[in-house]
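Thank you all for making the time this morning. I would like to walk through one model with you, beginning in the interior and ending at the nucleic acid.

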2 protein chains.
Amino acid sequence: MKKYFDILKNCILFDGIERDNLENMLGCINGRIEEYSKGEAVMQEGIAVKDIGIVLSGAVQIERTDYYGNRSIITTAEPGEIFAESFACAETKELPFCITAAVKSEIMLIDCKRVIHTCSRSCEFHSSMIYNLMKIIATKNILLNQRTEITSKRTTRDKLMTYLLITAKKNDSDSFSIPYDRQTLADFLGVDRSGLSAEISKLRNEGIIESRKNRFRLL
Amino acid sequence: MKKYFDILKNCILFDGIERDNLENMLGCINGRIEEYSKGEAVMQEGIAVKDIGIVLSGAVQIERTDYYGNRSIITTAEPGEIFAESFACAETKELPFCITAAVKSEIMLIDCKRVIHTCSRSCEFHSSMIYNLMKIIATKNILLNQRTEITSKRTTRDKLMTYLLITAKKNDSDSFSIPYDRQTLADFLGVDRSGLSAEISKLRNEGIIESRKNRFRLL
DNA sequence: ATAAGTCTGTTGAAATTTCAACAAACGGAG
DNA sequence: CTCCGTTTGTTGAAATTTCAACAGACTTAT
């Protein structure tokens, strides 16, 4: 168990909890470690989700199959990252996709109820963990809301401008860098890459923005 | 205070908490009641959000101004509904939009920290409230994820089919009703209403779905 | 039953996006 | 410095969406 402490220490779920207290914590929430071989299902589609997962080693991927039968990877979680937390907290009756081990992996599974309901001992660290979990989910929520605001716009220009405006506000400056290359930005905005490039050029020619590579300035 | 108990009783944040215990609860979390006149800001853009809001009477609306200067209402909250909970839990430093009273309203504001951190008395109801809050935010999260999955598709057909497939799975049946009229569905999917109608007809002609008004069946 | 209003499906034209292909710019590696 | 692989910008054609307008179906109030 001890050999995983360095990884768990970096897991945001345990933010603000000292290493020395981690051991007590883990007893308190009864985390169990499971091993999965490459391709094996960590959580199967259709199950009722009870556990929050933490990747200790390896990686898991969340996969979805669309109505054409195309399977695509929605996200992956690497060591120290948590997954399935929203489904566990929402007490999802049927997981709408499959979570599998991308490679041979060790996963810690924690019963969500043990996290949310403070133990009888009511340890102070438990409270920290609840706070962390709430913050994680709420932050994702805000990010998803922003993305929805962007993608609900109808044109590439509107999507891009909405994104740039949100980013400028976040950076508290008209001039900022973005952490995406063109293709990734296009995927995020839900538009075609070449169309996005064209739109950036157009906005630049119209004197609405300045841009060079992934650095932008709103005028 | 007592006159608001009926409203609070229906607030999902207090699910599973008996009326008799509600009063203790409210002391424990120190909910304060504020009154706002029509149009007055309940939470101003740019502030650091600390409180979760509950509408006791009237209604609040969450408004956003886009880069053209058009102001639009993102959502409204009516009596018994909560708002700003994600921003409070995520400890948002700058609220990205304004929350105003749509009409003369009474609002209960609760310091989020008081909710998340169980009180020294560690009352059992507090634990219920944390559980409820977590479930609310996690559920929204899942819904937003689904919406993102839908709107990230490029064509009206793909968006519609993804939505129908998710709904069918949720209803555990190929045949189901949807809670939207055409315009609302179009807004939700992020597409043009007339184009959506046309696409539904096309799918029907191709024998992929049956549909009558807001009832659908996947074939 | 009528009338007014709303919702839905249809259509064609205009606008926009996607797609494919290519060239220019860029960034290492040798 | 040159070569090679990758990223980005550009372009024109094809596909799709949006827009506006209208007609028919349906609802509700009187």
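Before the interior, one term: by a nonpolar core I mean a set of buried Ala, Val, Leu, Ile, Met, Phe, Trp, Tyr and Cys residues that are joined through side-chain atoms within 4.5 Å. Please keep in mind throughout that what you see is a predicted model. In the largest such core there are 100 residues, and the members that touch the most other members are Phe14(A), Phe83(A), Phe14(B) and Phe83(B). As a general background, nonpolar side chains tend to be buried together in soluble globular proteins.

Let me take one of those four and ask which residues Phe14(B) touches, once those up to four places away in sequence are set aside. The partners are Leu8(B), Leu22(B), Leu26(B), Ile29(B), Ile54(B), Ile110(B), Met129(B) and, finally, Asn132(B).

Turning to chain A as a whole, its secondary structure consists of eight helices and eleven strands, and its C-alpha atoms fill a box of roughly 65 × 40 × 30 Å along the principal axes. Of the 219 residues in chain A, 49% are buried. If we consider contacts in this chain between residues at least 6 apart in sequence, 69% of them join residues at least 24 apart.

Two individual positions in chain A deserve a moment. Glu78(A) sits in the loop that runs between strand S5 (71-77) and strand S6 (82-83), and because its relative accessibility is 43%, Glu78(A) counts as partly exposed. Leaving aside residues up to four places away in sequence, Glu78(A) touches Val55(A), Gly58(A) and Ala59(A). By contrast, Ala90(A), which is twelve residues from Glu78(A) in sequence, is 23 Å away from it in space, C-alpha to C-alpha.

The other position is Thr148(A), which belongs to helix H5, residues 124-151, of chain A. Is this residue, Thr148(A), buried or exposed? At 8% relative accessibility it falls under the 20% limit, and therefore Thr148(A) counts as buried. Its contacts, again without residues up to four places away in sequence, are with Leu144(B), Arg147(B) and Thr148(B).

Moving to chain B, I would point out an open sheet of three strands, in the order S9-S11-S10, with antiparallel pairing. The edge strands, S9 (175-177) and S10 (209-212), each pair on one side only, and from one strand to the next the twist averages 15°. Strand S10(B) pairs with strand S11, residues 215-218, in the antiparallel sense over four bridges, and within that pairing Ser211(B) stands opposite Phe216(B). Packed on this sheet is helix H8 of chain B, residues 193-205, which touches S10 and S11 and whose direction makes about 130° with that of S10(B).

That helix leads us to the DNA. Around DNA strand C there are 16 residues, the closest being Thr156(A), Asp192(A), Arg182(B), Ser197(B) and Ser201(B), and sugar and phosphate account for 61% of the atoms of this strand that come within 4 Å of the protein. Helix H8 (193-205) of chain A, and helices H7 (182-189) and H8 of chain B, each supply at least two residues of the surface near DNA strand C, with H8(B) providing the largest share, four residues.

Which atoms are involved on strand C? A backbone N or O atom of Thr156(A) lies 2.3 Å from a phosphate oxygen, and a polar backbone atom of Asp192(A) is 2.8 Å from a phosphate oxygen. There is also a contact to a base, in that an N or O atom in the side chain of Ser194(A) is 3.3 Å from a base nitrogen of DNA strand C.

For DNA strand D, 16 residues surround it, with Arg182(A), Ser197(A), Ser201(A), Thr156(B) and Asp192(B) the closest, and sugar and phosphate make up 59% of its atoms that come within 4 Å of the protein. Here H8(A) gives the most to the nearby surface, with four residues. An N or O atom in the side chain of Arg182(A) is 2.8 Å from a phosphate oxygen of DNA strand D, a polar side-chain atom of Ser201(A) lies 2.3 Å from a phosphate oxygen, and a polar backbone atom of Thr156(B) is likewise 2.3 Å from a phosphate oxygen of that strand.

I will stop there and take questions.

Technical notes. Residues numbered from 1 in each chain as written. Chains lettered and ligands numbered in written order. Predicted model: local features only at pLDDT ≥ 70, side-chain atom pairs only at ≥ 80, totals over all residues. Heavy atoms only, no water. Buried < 20%, exposed > 50% of the residue type's maximum accessible area, 1.4 Å probe, protein only. Contact = heavy atoms within 4.5 Å. Pairing = 2+ DSSP bridges. Axes fitted to C-alpha atoms, helices over the stretch in contact; angles between N-to-C directions. Near = heavy atom within 4 Å. Polar contact = N/O pair within 3.5 Å; in protein donor to acceptor, adjacent residues only side chain to side chain.
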